[in-house]
Amino acid sequence: MSTASLIAILTNRAFQIGRRKELSQLESVFEPAFFNWTRPQDEDWLIEPLKHKANPRNYNETIIQSHEYFAVNTLDDYRLQDRLLRGNLNELMGGEARTTLMVINRGKTIRMFENQNHAQQLKEMGLLPETAFGCMLLFLVKPKPEIFAPVLPVLKEMSSDEKTLKIGIQIRSGDRMMQNPHHQVHVDEFSAFFSCAEQIEQFALASGKYDKVKWLLVTDMKSIRESAVKKYGSEKLLTSLQVHIEHSSKESSVCANCEPVSLHGFTGAAAEWFTLSMADYFIISRYSGFGRSAAMLSMKSNSVYTVINGKEKAPITCNSQSFTDLETMSYEWSGI
């Protein structure tokens with residue numbers, strides 16, 4: 001969404017957000033921040049071609065020649081994704097087409113700064129690779145206040161004074177785990193995340209900027225949250241035990257016979273995502289976009305530490321110089 005909206009601005013187009021019938025509507029948890037991006041539900045004949053094999057157009061010649069609709073479908077089409085970063089976006093977006101439908105599931109907001117056709121535009125807009133994602137999202141959406149009800153105690157702690165060091169820890173145990181939410185997973189199975197937090201705490205407190213520490217844990221398994229509170233104590237470790245946990249997009253690869261994500265689950269995810277973005281440092285799962293996007297929403301530099309799966313046998317190093325750089329984040333998993 002961030003990438004598509006940035007491309008819309010660079011090509012002088014209005015930006016709207018389309019809907020997928022299987023997913024909760026964004027309007028249920030977010031309000032437009034500065035303009036109305038709501039798009040009515042499109043007809044099936046317009047959406048169906050976008051679900052099939054990646055193709056820059058995916059429409060027949062009659063539709064294309066009318067200049068009414070054009071499709072930019074980047075799903076699994078790495079050649080087209082590459083052209084977005086090197087080509088003239090005005091040409092790639094369908095030229096005179098009135099409406100261009102863009103399908104994308106890999107963030108290119110950081111990498112868009114590689115496109116020399118639009119580098120000057122980005123400079124004139126005042127955007128930087130480390131701020132573009134956060135700027136675009138905060139330009140598009142603001143969370144509805146009521147969605148924070150399940151996480152309100154944690155939100156208040158994360159909003160506390162600047163002398164409190166806040167370290168966000170995001171653990172993705174994986175899609176298979178989420179198929180059985182009652183499965184018991186102990187926090188010790190993900191010790192690398194907490195070893196990293198202890199190291200960050202050590203060098204950050206030594207700077208004299210902070211006088212106390214809070215850890216915020218966000219994870220897809222309730223049992224990890226519960227065992228973490230028992231181990232580290234509720235005074236230091238913040239986590240929401242009442243939030244309803246679901247996968248945000250229950251496709252066949254995740255759960256063969258699941259219902260689409262509920263509004264309850266979507267609301268909880270959005271509330272925790274925004275709360276996580278309030279941390280000073282972030283320890284995130286490499287194979288997940290949830291923590292990475294929350295960290296980039298914060299627009300803080302040199303503050304992200306990536307853990308592969310938390311079960312690493314070799315000791316993990318998290319010092320003031322070992323943070324994950326922007327280039328790495330732009331390539332890993334779903335990108336930014």
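Before I start, one definition: a residue counts as buried when its relative accessible area is under 20%, as exposed when that area is over 50%, and as partly exposed in between. Please also keep in mind that what you see above is a predicted model.

My topic today is salt bridges, and the general idea is that side chains of opposite charge can pair when their charged atoms come close. In this structure the count comes to ten salt bridges, and I will walk you through some of them.

Let me begin with Arg 286, which at 28% relative accessibility falls between the two cut-offs and therefore counts as partly exposed. Arg 286 forms a salt bridge with Glu 332, and their closest N and O atoms are 3.1 Å apart. Arg 286 sits in the loop between strand 8 and helix 13, while Glu 332 belongs to the segment after helix 14, so this pair ties together parts that are 46 residues apart in sequence. Glu 332, with a relative accessible area of 13%, is buried. This pair also belongs to a network of salt bridges, in which Arg 286, Arg 292 and Glu 332 are linked.

Next, Lys 231 forms a salt bridge with Asp 188, with 2.5 Å between the closest N and O atoms. This pair links distant parts of the chain, since Lys 231 is in helix 11 and Asp 188 is in the loop between helix 9 and helix 10, 43 residues apart. Lys 231 is partly exposed at 46%, and Asp 188 is partly exposed at 42%.

Finally, are the partners Asp 42 and Arg 39 buried or exposed? Both are buried, and their salt bridge has its closest N and O atoms 2.9 Å apart.

Conventions. Residues are numbered from 1 along each chain as its sequence is written. This is a predicted model: local features need pLDDT of at least 70, side-chain atom pairs count only at pLDDT 80 or more; totals for chains, interfaces and linings use all residues. Side-chain values use heavy atoms; hydrogens and water are left out. A salt bridge is a side-chain nitrogen of Lys or Arg within 4 Å of a carboxyl oxygen of Asp or Glu. Buried means under 20% relative accessible area, exposed over 50%, partly exposed in between (1.4 Å probe, protein chains only). Helices (H or I, at least four residues) and strands (E, at least two) are DSSP runs, numbered from the N terminus.
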